[in-house]
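Me: I would like to learn how to read a structure like this one, feature by feature. Could you take me through it?

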There are 2 protein chains.
Amino acid sequence: MRRYSRRVSVPLHYVVKTRLVELVEQLGEGTALPPERVLAKDFGVSRWTMRQAIRELIADGRLRARQGQGTFVATPKIVQPLALVSYTEALRAQGHTPAREVVRFDEIPADDVLAEQLAVAPGDPVFELERVLFADEQPIGLETTYLSVARFPSLREVLEPTGSLYRCLTGQLGVEFGEGEELVETVIATPREAELLKATQQLPMLLLHRRTRDSAGHPIEVVRSLYRGDRVGFRATLRP
Amino acid sequence: MRRYSRRVSVPLHYVVKTRLVELVEQLGEGTALPPERVLAKDFGVSRWTMRQAIRELIADGRLRARQGQGTFVATPKIVQPLALVSYTEALRAQGHTPAREVVRFDEIPADDVLAEQLAVAPGDPVFELERVLFADEQPIGLETTYLSVARFPSLREVLEPTGSLYRCLTGQLGVEFGEGEELVETVIATPREAELLKATQQLPMLLLHRRTRDSAGHPIEVVRSLYRGDRVGFRATLRP
DNA sequence: AAGTGGTCTAGACCACTCC
DNA sequence: GAGTGGTCTAGACCACTTG
């Protein structure tokens with residue numbers, strides 16, 4: 001029945017957050033926190049306020065909640081390069097274990113936007129390859145790639161679905177990458193996307209939208225990658 | 001292919017969100033929505049559930065809430081280049097009106113991390129220039145720049161505080177930029193940062209951490225930029 | 001003063017995991 | 001079945017903006 005009678009310039013959940021950070025810093029990675037209900041009682045706040053604080057620390061990548069299990073101190077974020085490199089090789093270079101799982105690999109008719117981006121006619125068949133990206137057996141990203149079927153007719157036979165698409169294109173199909181463009185923004189995942197990433201609702205995600213071309217300027221692929229904002233960061237190299 | 005279990009029920013706030021999107025799409029930019037309490041009643045849900053849906057649409061950049069005024073349909077996100085270019089010029093090139101406001105311009109002693117990054121000794125004086133970045137008179141970013149005082153002793157005299165630091169360095173101080181590095185991640189702003197950006201709590205932000213060097217490889221500046229995730233996206237050019 | 005969004009409480013039930 | 005996090009309700013007060 002506490003009333004926040006006192007005028008607080010700082011929201012209560014932020015005060016709780018800063019106190020919770022102190023607790024988190026005393027614990028090691030992977031350590032379980034007390035249950036929300038217990039923490040709320042200890043801090044003298046409602047469970048809702050406690051959850052606000054926890055949610056912020058989850059979004060910041062410091063905590064990790066698993067339904068039915070508890071809340072745990074998270075491991076540091078994985079930093080990936082923002083460049084035309086293989087996911088597999090980039091992750092290995094940082095000492096992590098990469099993996100992929102195919103969600104779907106279909107041929108769909110290109111809508112107007114996709115057709116324009118891939119330089120095909122609307123309605124032309126396009127490969128849609130959707131894969132969940134794992135790092136150390138944790139899902140961290142959902143990658144959807146679109147390629148022209150007419151341009152890569154042998155893709156289904158040549159590509160090992162859980163292998164590196166980048167390597168397949170450059171190696172087996174003789175594609176030479178030219179300049180590409182990548183857009184980065186934050187979004188909230190749909191329930192389907194959140195489930196595939198084993199993330200809870202309301203978690204900020206990093207959405208990368210990539211368009212690559214070959215050295216002659218012809219479109220190769222359009223990629224929509226959704227990464228868990230709590231688990232992943234990106235590194236870009238700036239050239240003068 | 002792995003089977004992903006299907007969620008039995010979609011969260012109510014997501015159902016509300018999708019219905020709210022339909023409403024938003026019928027309205028023009030800048031249009032006011034009905035008050036939360038009215039919307040909640042219309043949709044037959046509690047105000048909390050209504051706010052979850054609204055919060056997601058705010059994070060996605062489709063809505064915009066102003067305390068005491070109402071909730072409005074937002075304008076599209078501003079896309080900035082992820083490159084060594086002037087904020088002023090980049091924004092002008094996209095048809096927006098850039099502006100800056102100095103929050104503080106101090107000399108502080110370098111801590112160990114900063115000293116290492118700027119190649120000075122710990123305790124050495126370092127400029128700390130914190131500015132709010134505006135686009136079309138709306139605050140969209142908070143930029144904190146650190147430079148060695150010893151390296152740029154005349155900075156206070158030369159720099160117009162609301163002008164382009166990039167232009168000042170390259171033009172008046174004869175600095176030649178070499179390769180730089182930029183880290184991108186999502187974070188939740190502190191109350192102070194949220195207030196400076198006139199954003200509400202709990203809004204996902206894009207944090208950019210930049211380190212630049214001159215053509216000889218000596219550190220020029222360390223920049224911490226916090227951008228409103230609901231208002232800004234970034235574009236990077238990928239080179240093979 | 002009225003009305004808006006922002007924060008907070010207390011309590012309930014649901015979905016998932018482990019015993 | 002017990003315990004965890006996830007969702008949802010109803011109601012209250014706070015802080016801000018405008019008439």
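Me: Which side chains meet Arg192(B) in a salt bridge, and at what N to O distance?

Reply: This is a predicted model, and the general idea is to look for a side-chain nitrogen of Lys or Arg within 4 Å of a carboxyl oxygen of Asp or Glu. Here the partner of Arg192(B) is Glu130(B), with 2.8 Å from N to O. Glu130(B) belongs to strand 5 (residues 125–135) of chain B and Arg192(B) to helix 8 (residues 191–196) of chain B, so this pair ties together parts that are 62 residues apart in sequence.

Me: Is Glu130(B) buried or exposed?

Reply: The cut-off for buried is under 20% relative accessible area. Glu130(B) has 3% relative accessibility, so it counts as buried. Arg192(B), at 39%, counts as partly exposed.

Me: Where do Asp214(B) and Arg151(B) lie?

Reply: Those two side chains also form a salt bridge, at 2.7 Å from N to O. Asp214(B) sits in strand 8 of chain B, while Arg151(B) is in the loop between strand 6 (138–148) and helix 6 (155–158) of chain B, so parts 63 residues apart in sequence are tied together. Asp214(B) is buried at 10% relative accessibility, and Arg151(B) is partly exposed at 33%.

Me: What does Glu36(A) pair with in a salt bridge?

Reply: Its partner is Arg51(A), and the closest N and O atoms are 2.6 Å apart. Glu36(A) is in helix 2 (residues 36–43) of chain A and Arg51(A) is in helix 3 of chain A, so the tie is between parts 15 residues apart in sequence. Glu36(A) counts as buried at 14% relative accessibility, whereas Arg51(A) counts as partly exposed at 41%.

Me: How many salt bridges does the structure hold over all chains?

Reply: The total is 36. Salt bridges can also join up into a network, as they do for Arg104(A), Glu128(A), Glu130(A) and Arg192(A).

Me: Let's turn to helices. How far apart are the end C-alpha atoms of helix 3 of chain A?

Reply: A helix can be checked against its expected rise of 1.5 Å a residue, so the 13 residues of helix 3 (residues 47–59) of chain A should span 18 Å; the end C-alpha atoms are 18 Å apart, which agrees.

Me: Which residues of that helix are buried?

Reply: Start with the geometry: an α-helix has 3.6 residues a turn, so residues three or four places apart point the same way. In helix 3 of chain A the buried residues are Thr49(A), Met50(A), Gln52(A), Ala53(A), Ile54(A), Glu56(A), Leu57(A), Ile58(A) and Ala59(A). Just past the end of that helix, Gly61(A) has a positive phi of about 85 degrees.

Me: Now the two chains. By what turn can chain B be laid on chain A?

Reply: To read symmetry, superpose one copy on the other and look at the operation. A turn of 180 degrees with a shift of 0.0 Å along the axis lays chain B on chain A, with an RMSD of 0.1 Å. The two copies are thus related as by a two-fold rotation axis. In chain B, Pro204(B) has the C-alpha nearest that axis, 3.1 Å away. Both copies use the same surface, as 88% of the contact residues of chain B recur in chain A.

Me: What area is buried between chain B and chain A?

Reply: The size of an interface is often given as the accessible area lost when the parts come together. For chain B and chain A it is about 4,600 Å², with carbon and sulfur atoms giving 55%. The contact takes 51 residues from chain B and 55 from chain A.

Me: How many salt bridges and polar pairs cross between the chains?

Reply: There are 6 salt bridges across the interface. One salt bridge joins the side chains of Lys77(A) and Glu185(B), at 2.9 Å from N to O. The count of residue pairs in polar contact is 18, both residues being at pLDDT 80 or more. Strand 7 of chain B gives the largest share of the side that touches chain A, 12 residues.

Me: And which residue makes a polar contact with the side chain of Arg210(B)?

Reply: It is Glu182(B), through its side chain, at 3.0 Å. Arg210(B) is in strand 8 of chain B and is buried, with a relative accessible area of 15%. Beyond its neighbours within four places in sequence, the contacts of Arg210(B) include Leu238(A), Ala83(B) and Glu221(B).

Conventions:
Residues are numbered from 1 along each chain as its sequence is written. Chains are lettered from A and ligands numbered from 1 in the order in which they are written. This is a predicted model: local features need pLDDT of at least 70, side-chain atom pairs count only at pLDDT 80 or more; totals for chains, interfaces and linings use all residues. Side-chain values use heavy atoms; hydrogens and water are left out. Helices (H or I, at least four residues) and strands (E, at least two) are DSSP runs, numbered from the N terminus. The expected span of a helix is 1.5 Å times one less than its number of residues. Buried means under 20% relative accessible area, exposed over 50%, partly exposed in between (1.4 Å probe, protein chains only). Copies are superposed by least squares on the C-alpha atoms of residues with pLDDT of at least 70 in both. Contact means heavy atoms within 4.5 Å. Buried area is the accessible area (1.4 Å probe) that two parts lose on being put together, summed over both. A polar contact is a pair of N or O atoms within 3.5 Å; within protein, one must be able to donate a hydrogen and the other to accept it, and residues adjacent in sequence count only if both atoms are side-chain atoms.
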